[in-house]
Amino acid sequence: MARTMMTRTLMSVVATMMLFELALGADHNVGAPGGWDTSTDLGSWASSETFTVDDNLVFTYTPNHDVVEVNKAGYDSCSISNAVSTNAVSPTTIKLSDAGTRYFICGTPGHCGQGMKVEIKTVAATTSGPPSATTPPSSGSPAPPASTTSPPSSAGTPTPPASTPAKPSSATIVKATVVSMMGIGLLMMI
């Protein structure tokens, strides 16, 4: 009886931990396994990640760097004259609170031009099921023309096609793995 009660309690704790962990945003260590520096290909790193609303960017850097959020023009020209924000204490954590594109550069002269800049495209968290498949037309009639209009997206951010599911970020995969391992470990102790 006591063992059954303990098992149920532990399973409840594990389930609660897993749900709580999944509800939190993922931390993305900018440039990992490299970092926020001139030797890391930050563009390739960013394109390999999926950034979702409520995730965090974690910039880790040495004192000769900083993190300056700029607009698109500032990003393209490596100019900090109209900076949105400036951070000079490492590590710097920036919450991705809205869907859209944000731009970050290093304000140290010459560093942005050497590639120390990153464009982050944040997508809204999705809770819908998988996209529905289209039915092929019957052999006797021509297919109707495909619709080329789509609903406007917010802030000019392109919307990915409905048939392309977003891949989970490496940070999300690591968190899910750790939570699963903790749950399995607790269940094994029973």
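1. In this predicted model, E69 has F104 of β7 as its bridge partner. The strands behind that contact are β4, residues 67-70, and β7, residues 100-105, which pair in the antiparallel sense over three bridges. V68 also takes part, standing opposite I105 in β7.

2. On β7, I105 also stands opposite K117 in β8. Strand β8 covers residues 117-123 and runs antiparallel to β7, with six bridges joining the two. I105 thus appears opposite V68 and opposite K117.

3. These strands belong to an open sheet of five strands with mixed pairing, in the order β2-β8-β7-β4-β5. The edges are β2 (51-52) and β5 (85-87); each has a single partner strand, so one side of each is left without a neighbour in the sheet. In the strand order, β7 sits between β8 and β4.

4. Is β7 mostly covered or mostly uncovered? It is mostly covered, since five of its six residues are buried, that is, under 20% relative accessible area. For the protein of 190 residues, the buried share is 26%.

5. The protein has four helices and eight strands. From the N terminus on, the elements follow the pattern α-β-α-β-β-β-α-β-β-β-β-α, with a helix at the start and a helix at the end.

6. Two totals describe the protein as a whole. Among contacts between residues at least 6 apart in sequence, 72% join residues at least 24 apart. The accessible surface comes to about 12,300 Å², and carbon and sulfur atoms account for 63% of that area.

Terms used
Residues numbered from 1 in each chain as written. Predicted model: local features only at pLDDT ≥ 70, side-chain atom pairs only at ≥ 80, totals over all residues. Heavy atoms only, no water. Pairing = 2+ DSSP bridges. Buried < 20%, exposed > 50% of the residue type's maximum accessible area, 1.4 Å probe, protein only. Contact = heavy atoms within 4.5 Å. Areas by Shrake-Rupley, 256 points an atom, 1.4 Å probe, with all protein chains shown as cover.
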